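User: I would like to go through this structure with you, one part at a time. Shall we look at it together?

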Amino acid sequence: METKRLLIDDLARKEQALREAAELIRQGEVVAFPTETVYGLGANALDSSACAKIFEIKGRPADNPLIVHVASVPEAKKLVKDWPPEAEICARQFWPGPLTIVLPKADCIPDIISGGLDTVAIRMPSHPLALELIAKAECPIAAPSANISGKPSPTEGEHVWQDFCGKIPLLIDAGKCKVGLESTVLDLSGKTPLILRPGGVTWEQLAAVLGKVELDPAVEGGFLISDSLQPKAPGMKYRHYAPQGEIVLISGHKEQRIAQFISRLNNKKASERMALLCFEETAVALREAAGGVSQPAIAKADLVFLLGSRKNMAEAASRLFKGLRLCDQHKIGIILAEAMEEKGIGRAFMNRLKKAAGYKKDRL
Ligand code: TXA
Ligand code: MG
């Protein structure tokens, strides 16, 4: 199959891209499009065979349900059995935006979407192209992140191209996604609102409007997933966001982190390809630290990917997946990744990093 890549760099192209994409979706095809979080691989959510194509193209396990994207609150209400006051509060406060709400599903939701569960996950994205595409297609759009299952999510059109060129008819390429981490998945089907996946809307923001909000203990991170502690969002149980190389998390206070980086770099074997995923402040310190005969420690790294300043957690969050993908392109075997504090967007950042590391205790 030939994949058409429509770059959105002027208004005329935008109209053409949206028209073609909406038409393909109506015909039961799968199209990649940008959202403010990551790119999505979309199909008509009410068409089972169109949705089956998503699973096939992504190599996604059938028990991992899809998020349904809508362009308005009334549209969301049609997809659920019940719209509780918490859903209304969340929609008013955070939609359109990076929040997905899980509620008991209406009968119109095909089983393939919900992966055998009796709930459905719904989100109204804020990217204007995503909203316009849903409106033009005149149907809700089911869309997982547009990456091959297991790989880091795509935050640029180029990432989608790398994974799906030749496998889908159309990619709407609008450059970088602003948030760069996936939406927060919030389960409102139980007694207490429960975060199944931390993301673009933070626990602190949700707690401010909902009061009590819990975090699924299985995704809080830092431990091996066992049979007794399975995450409620099926997608969270898989090793995910994973580059080919092994991730070593570098945490602790500033001096501890720098000492760990220096020690790992200075003990690097000649045959090893090592990358640093670190903050600018740390890179400055590593440029000043000795790494042997007349070279700084940082010079030993085969790839240095800067996450931005430690003061800007949102920027680091938006750059993480790009960094992980670059490591693969550079055939990196060991990735030294700098941790950040687990608060605000830092919780989602650390969740993805720990999952990318495979939740292996000895690597944390
Ligand atoms: O930001 C995002 O959410 C992106 C963009 C494209 O919107 N989409 C995305 O979809 O990240 P995906 O499929 O990569 O991740 C969806 C997550 C998975 O962990 C899945 O298991 C969970 O949401 N999920 C979907 N439906 C669910 C349900 N009914 N109950 C619990 N978890 C659900
Ligand atoms: Mg995904």
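User: Which residues of α2 are buried?
Analyst: This is a predicted model. In it, the buried residues of α2 are A50, C51, I54, F55, I57 and K58.

User: What covers them?
Analyst: The cover over the buried residues of α2 includes β3, α5 (111-114), β7 (141-142) and α7.

User: And what follows α2?
Analyst: G59 follows α2, and the phi of G59 is positive, near 70 degrees.

User: Moving to the interior, how many residues does the largest nonpolar core have?
Analyst: The largest nonpolar core has 48 residues. W95, L99, I113, L186 and L206 are those with the most contacts inside that core.

User: Which elements give two or more residues to it?
Analyst: They are β3 (40-44), α2 (48-58), α4 (85-94), β5 (99-104), β6 (119-123), α7 (157-164) and α8 (203-210). The most comes from α2, which gives 5 residues.

User: What does L99 touch?
Analyst: Not counting residues up to four places away in sequence, L99 touches C90, F94, I122, R123, S183, T184, L186, V201 and L206. Apart from the largest core lies another core, of 28 residues, and L303, L320, I345 and A356 are among them.

User: Now the sheet. What is the strand order?
Analyst: The open sheet is formed by 11 strands in the order β1-β8-β2-β3-β7-β4-β6-β5-β9-β10-β11, with mixed pairing.

User: Which strands stand at the edges?
Analyst: The edge strands are β1 (4-7) and β11 (214-215). Each has a single partner strand, so one side of each is left without a neighbour in the sheet.

User: How many bridges join β10 to β11?
Analyst: Strand β10 (residues 194-197) is joined to β11 by 2 bridges, and the two run parallel. I195 stands opposite L215 in β11.

User: What does α4 touch on the sheet?
Analyst: In packing on the sheet, α4 touches β5 and β9 (184-187). The direction of α4 makes about 160 degrees with that of β5.

User: A change of topic: where does R352 lie, and is it buried or exposed?
Analyst: R352 lies in helix α12 (residues 345-356). R352 is buried, because its relative accessible area is 0% and buried means under 20%.

User: Which residues are in contact with R352?
Analyst: Leaving aside neighbours within four places in sequence, R352 is in contact with L181, E182, S183, R197, P198, G199, Y241, L320 and F321.

User: And where is E341?
Analyst: E341 is in the loop between β15 (334-338) and α12. With neighbours within four places in sequence left aside, E341 is in contact with G346 and R347. E341 and S251 are 90 residues apart in sequence, yet their C-alpha atoms are 9.1 Å apart in space.

User: Finally, the chain as a whole. How many helices and strands are there?
Analyst: The chain has 12 helices and 15 strands. The radius of gyration is 21 Å, close to the 21 Å given by the globule rule for 364 residues, so the chain is as compact as a globular protein of that length. The C-alpha trace spans about 65 × 45 × 35 Å along its principal axes.

User: What share of the residues counts as buried?
Analyst: Of the 364 residues, 56% count as buried. The accessible surface of the chain comes to about 15000 Å², and 52% of that surface belongs to carbon and sulfur atoms.

Conventions
Residues are numbered from 1 along each chain as its sequence is written. Chains are lettered from A and ligands numbered from 1 in the order in which they are written. This is a predicted model: local features need pLDDT of at least 70, side-chain atom pairs count only at pLDDT 80 or more; totals for chains, interfaces and linings use all residues. Side-chain values use heavy atoms; hydrogens and water are left out. Helices (H or I, at least four residues) and strands (E, at least two) are DSSP runs, numbered from the N terminus. Buried means under 20% relative accessible area, exposed over 50%, partly exposed in between (1.4 Å probe, protein chains only). Contact means heavy atoms within 4.5 Å. A nonpolar core is a set of buried Ala, Val, Leu, Ile, Met, Phe, Trp, Tyr and Cys residues joined through side-chain atoms within 4.5 Å. Two strands pair if DSSP finds at least two bridges between them. Axes are lines fitted to C-alpha atoms, for helices over the stretch in contact, and angles run from 0 to 180 degrees between N-to-C directions. The radius of gyration is taken over C-alpha atoms; the globule rule is 2.2 Å times the number of residues to the power 0.38. Accessible areas come from the Shrake-Rupley method with a 1.4 Å probe; for residues, only the protein chains shown count as cover.
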